[in-house]
Structures are given as structure tokens and as C-alpha cells.
Amino acid sequence: MRSNNHAAKGRYRGSNKGLAAILFLIFFLGLSSIIYTDSYEKTLEEQRKLSYGAWHFAVYDTDVTTYQSLASHAMVESAGQMEIGGLATDGNGGVLGGVGYCDDALMDIGNMKLLDGRLPRSSNEIAVEASRLNLMGISYELGQQIPIVISFEGSDGEIVEKKHEFTLCGIVKNYSSYWKSDSYWLVSFFVSPELCQELPQPELYVFGQLKPTYAGDVDCLTVLCADSGTFVKNGFTYLQYSDENTPATNSVILQTVIILAGCIAIIILMNNDLNQRRNSFITMRILGATKPQVIQNFFQKKILVILLFSAAGIACGLFLPYLVVLLLNTVLSQPVYFHIIVGHVLQTVLLFFAGLVFSLVFSLIRLFQIPLRGKPVQQVSVQSRPKHKKKLRANNTLSLLDPASYSKKLLSIALTFIASVFVFISHIKLGGTIRLMLNFHGIILKIIPLE
Amino acid sequence: MDDILLVSSLSKVFGQIEPKVYALNDLSLSIQSKSFTAIVGRSGSGKTTLLNIIGGLDTPSSGEVRIQGTNLYQLKDTARTVFRRRHIGYVFQFFNLIPELTAYENICLPSYLDHHDPDFSFINQIIQALGLESKMHKYPAELSGGEQQRIAVARALSCKPDILLADEPTGNLDKQSGDELMELLRFSNCFFEQTTVLVTHDLDIARTAERIITLEDGRILSDVCGGKL
């Protein structure tokens, strides 16, 4: 004969698998979605940095004093400069692009890359943006002589055009048409600094990257250049500066739906469980169980289920996106970033636990109201032995969605609802991701800011 | 023999406005230790209300109930709950076993609720006396009504209560099972010297008791020895 110490501790064989499934899904979907959103935004930002430059702000047509004050500012991580000596024209008045040079800092923060060759080292060398060579009908062959007509403002204010013969020493990856230039011409024809200095009245553009801590405070710098130049924020790369900051809203909607559906499902499950065991609790009260003992009995196994399956959901929610990103990075040529913002994860976990506690409070209130007497229910059913329920296994997982059971029907509705919203929002974002990838593979030539 | 239970001027009134319904009306009685008492009466005479108030499941409108000298209704709710599990055993018409627990776990439940291990040798003694050895690992749904009620009796006796209260224990059993159960209750009264108070509307069953109290309209109509009813 068994002496079973678990008897009064409530080793009830009532099923907790519904609660386990809901908790696992809540945490798994919640964390997956938040990591997915963060990773998506990070990937988007990194890809935009490649296209639109990793600078936070630019000051066009400014002066050296402003450059120096910005470069030495505590908020600024690094600052680069671009000098425009004149404009390259096609000889008929059409402008092909700016002629000038960029310093190394700008080449770095602007993610400006050479497709071939190098930057010019002498006055007769030139590196040209690939798109401009195409425009001029010139091949990418390095070392060839190319004539360029440079138009600039003379010392007396009149427009002067001067023809130069250069040796093509490098081809620069397209960038100027993507950058937020506020109608200023950017350098498409890279010449040596010495040649640029020879041209009268060169214009100075300053580009700056902020330290991560101050990334959102870019507006503070406008006062430094109020009287000198045009201040521009890089809204193409950094969505927080633009009006297109929608991914966070999607994430919030998804989180809200998950937590609401999860809470409703948990309340229904708990209510159902409590209804089934109400007579047992009344009997326990009659036999001398105090209210805290009844509550303990009801929650004891559930707390274990909550802790185990929440932890499993959190672990899978963190690990599975990592695996997906790992897999994507082996398949795709462009890197996809796995990005976890600890604050977001903690916030999500705490929010979901708060929702869980809120859901359990309803059961707690009902448990406090368990009376000492209830409607007696005969428990005799000699032929049946219904309490040995099947354990949830891989081959009967779909029994969770059994439409014949009322409680399971509600559960399946909740699960389907969560899954539908997840798929819906994922679909929207997936569309954006695919479009971004097509952009990078050159299938869509014109890169536009994503909505 | 000493009085184990004293009921004084007990009234239970239902309803706040006239006409009020008196389930119990100024009822007084005493039950001696180790006795076997049957309370009989028609439906609505107040039998179950009296048993519930004696057992601490319901509160009286006035009067007092003393078990082993303790005034039950001067205790706070939690203290009364603890008192109930230590001093009172219950047997119900509908057995009220916990379906999720085996027969043995059901029997041990009151001890575990009182935060101590059961007296296993005593429980085994009860189980043998009730002939339940082979049923211990079965769930209530796998047992017949008679077997379930015997498990309920074993559960009620497992904590060696001062008083065993049985509310229509044979009401849901066939004649044979009912007779067997009454034999069992008589046996526990004799063998374990268990004070027993039985509520029934069946006079044949009541006649097996040493003492029979008849209630009518919340008052004691008669109080006689078993054979004299």
C-alpha cells in the first residue's frame, strides 16, 4: 500500500497541458516577435547605412569654424568633410555632378566604397562614381584619359568653365543619388585635395556621426550651425528622425494581441479547471482545509507549470530567432543581424508575467469564495475511468485543437487568433524584407525609403 | 459516560422579514461519548441543519454548540476549520470523495490537511476492518457506491475524530449496501468506541441506534432509546 505524501499537497491529475501550451506560446511568440522586430530594424538600419551613409547629420555649405566646432563636440563620435570645388558639366550646360574630394573620415562614416582602383593621388588623376561613367558613356577601364569640363564661380562672380584631362584611377560605388543632400551637389568626381584647393571658393560640407548615447539628440547641434550652412538629419538611415517610424507600432500591436489573447485563454482555462474541481474543493473545506490550503492546492502544480513552460517559451523565443538568422545568413548574400535589446526583452517578459498574474487573480477571487457547502454531485460511474488522460505527446499534439471539446474549442480559437495576427504582421514585414533584398541585388534599381 | 456534545438553545432562522422560517427553534440536547445516536424526522424538520451546525459548516442564529467543552461558534473561522478537521468526522449521502485521488489518498487526506503523516497502522486497521484492502489504488469512479461510502467512512475515521457525523449515509445506496454500511458504523462505534450521530429519515435504520431523537419543525419531538421507537 502506498503512503503518499503528495495526497493533500494536491497531486491532482487534472490536465495543465492547456495552460502549459498557452504559456509557452505567449512567451515564445512574444519574444520571437520582439526580437524579430529589433533584428529587422537593425538589419534595415545597417542596410540603409550602406546605401544612405551612416552619418546622423550633415551641414551643407558651411565653413571651417563650424566643422571644427562640430568635430570637437562631446556628442559627436566622428566628423568628415567634403569639399566641392566645382561642378562637372557635359559641355552643354547639363550638370553631371560635383567635383571635389572627401576625407577618410567621411569615406568611413559614409560607407563610400571603391568598386575598382583607388582614390586620386595627383592633380591629373580622377575617381568617378560608376553611375556618372555610365551617364557619360565611358567604360570602367582604369588608366584611360577622360576629359571633364569643370564649371565653377570665378573670383569676380562669373561662371567659368575649364576643361581638364584626367587619368581614371578609380570607380566609386554609387552613393550620391541616394543621400539626403537637400539639393546640394555631392562629389561624383573625386579629385586630389590639391586640385580642389586650386579651384576658387570651394564649398565645404560637413557630415557627422553621433555617439550612440546621443543618437536621438541630433537636434541639439542645430544651434552650432544656425548662421552657417544648411543642417540636415539623415532620416533615410535613422528612422527616428523621419515620419516613417512604424515598425514599433506593429510590434506593439502584435504584443498587445498576444497578451490579450493569452490572458483570455488563461482565464477561460482556469475557470474551466476551477468549475471541474469546485466540488473537490468544497469537500476539502468540509474536511478542514483552510482557504490558503485550497488556494495552495489549486496553484501548486500550476506554478510549476507556469515556471517551466514560461522558461521554455522564453528560451525558445530567444534561441529560435537566432537559429533562423543563422540559417538566413548561410543562404543570403547580405547579412541579416540578430539583435536583442535587453530592455525590450525584459519589458516583454515582465509585461507578460503581469498579464499572467492578472489572469490568475480571477481564479484566486473564486477560490476565496469556495463555500463550505455546495450542491452534492454523485461521483459514481463504475464503468468509466476518465481521469487517466492521455499525456501530450508528439503524435497527439493536435488534440489541443479538438473541436468537439468546448474548452479546447476556445483554446483553439485563441491560438488561431494569435497565429493569424502573427502571420499577418510577419507577412507585412516579410514584404518589406524581400523588397529590401531585391534593392540590394539590384533588381529594383531605384532605392526608395521603405514604408 | 461524559457528554461529548452539548447543544443549548440552538435556533436557526432563515429570512430577514416576517414570516421567518425557523429551521431550528430553541433546540437543546446532549450527546454522550461513545454513543450511537440517530436523528430522524420528516423532510424539512431541521435534521441536516442541526448536523451542519454541530459540524461547524453552518452558523446558528442563536444558541451554542460545545464539543469537548469548546464553544464552536466562539472560534474564528480558521480556528473552527482547524477544530473541525481535528475533532469532527463527516460521512455524506453523496460520499464526496475527491475524484482525482485514489481511495488510499482520500483516506489519508484529512491527516495531510492537518500537516502530519497519517497513523498508518490505524488506517490499515480501518481498511482491513472495512474490507477495502484491494481497493486502495483505485479511483472513486472505479468503485461501486457501497465501496465509495466505505472509503468515506474510513476517511472520516482516519483522524480519530471525537464525533462522527453521518448525513443520510445510506440515502444513495441500495438496501444491501445500506445494511452493510450500518453494520460498519455500528462496528466502528463498538470497536473504535466512536461517538456517532446519524441523520436519517429511514426508521428501520434509526432503530439500530442506541438513541433516537425525532425532530419536527426545528424542535425535539421525542428522545428515546433505539428499541422503543
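In chain B, residue B:K34 sits in the loop that links strand 2 (21-32) to strand 3 (36-41); helices (H or I, at least four residues) and strands (E, at least two) are DSSP runs, numbered from the N terminus. This is a predicted model, in which local features need pLDDT of at least 70 and side-chain atom pairs count only at pLDDT 80 or more, while totals for chains, interfaces and linings use all residues. Residues are numbered from 1 along each chain as its sequence is written, and chains are lettered from A and ligands numbered from 1 in the order in which they are written.

Most residues other than glycine have a negative phi. B:K34 has a positive phi, and B:S9, found in strand 1 (residues 3-14) of chain B, likewise has a positive value. The table gives both residues; partly exposed lies between buried (20 or more other C-beta atoms within 10 Å of the residue's own) and exposed (12 or fewer), with C-beta atoms placed from the backbone.

| Residue | Phi | Other C-beta atoms within 10 Å | Exposure |
|---|---|---|---|
| B:S9 | near 45 degrees | 13 | partly exposed |
| B:K34 | near 70 degrees | 15 | partly exposed |

Strand 1 also belongs to an open sheet of four strands in chain B, with the order 2-1-4-5 and antiparallel pairing; two strands pair if DSSP finds at least two bridges between them. Strand 2 and strand 5 (70-71) of chain B are the edge strands, each pairing on one side only. Between strand 1 and strand 4 (residues 62-67) of chain B there are five bridges, and B:L6 has B:R66 in strand 4 as its bridge partner. Helix 1 (residues 47-54) of chain B packs on this sheet and touches strand 1, strand 2 and strand 4 of chain B. Contact here requires C-beta atoms, placed from the backbone, to lie within 7 Å.

Elsewhere in chain B, helix 5 (residues 145-157) contains B:A152. This residue is buried, with 27 other C-beta atoms within 10 Å. Beyond residues up to four places away in sequence, B:A152 touches B:V91, B:F92, B:F95, B:N96 and B:L97. The C-alpha atoms of B:A152 and B:F94 are separated by 9.5 Å, although the two residues are 58 apart along the chain.

In chain A, helix 1 (residues 17-52) packs against helix 7 (residues 291-331) at an angle of about 30 degrees, with the axes 7 Å apart. Axes are lines fitted to C-alpha atoms, for helices over the stretch in contact, and angles run from 0 to 180 degrees between N-to-C directions. The two helices of chain A are therefore roughly parallel, a term for angles under 35 degrees.

Conventions:
Angles under 35 degrees count as roughly parallel, over 145 as roughly antiparallel, 65 to 115 as roughly perpendicular and the rest as oblique. Two residues are in contact if their C-beta atoms, placed from the backbone, lie within 7 Å.
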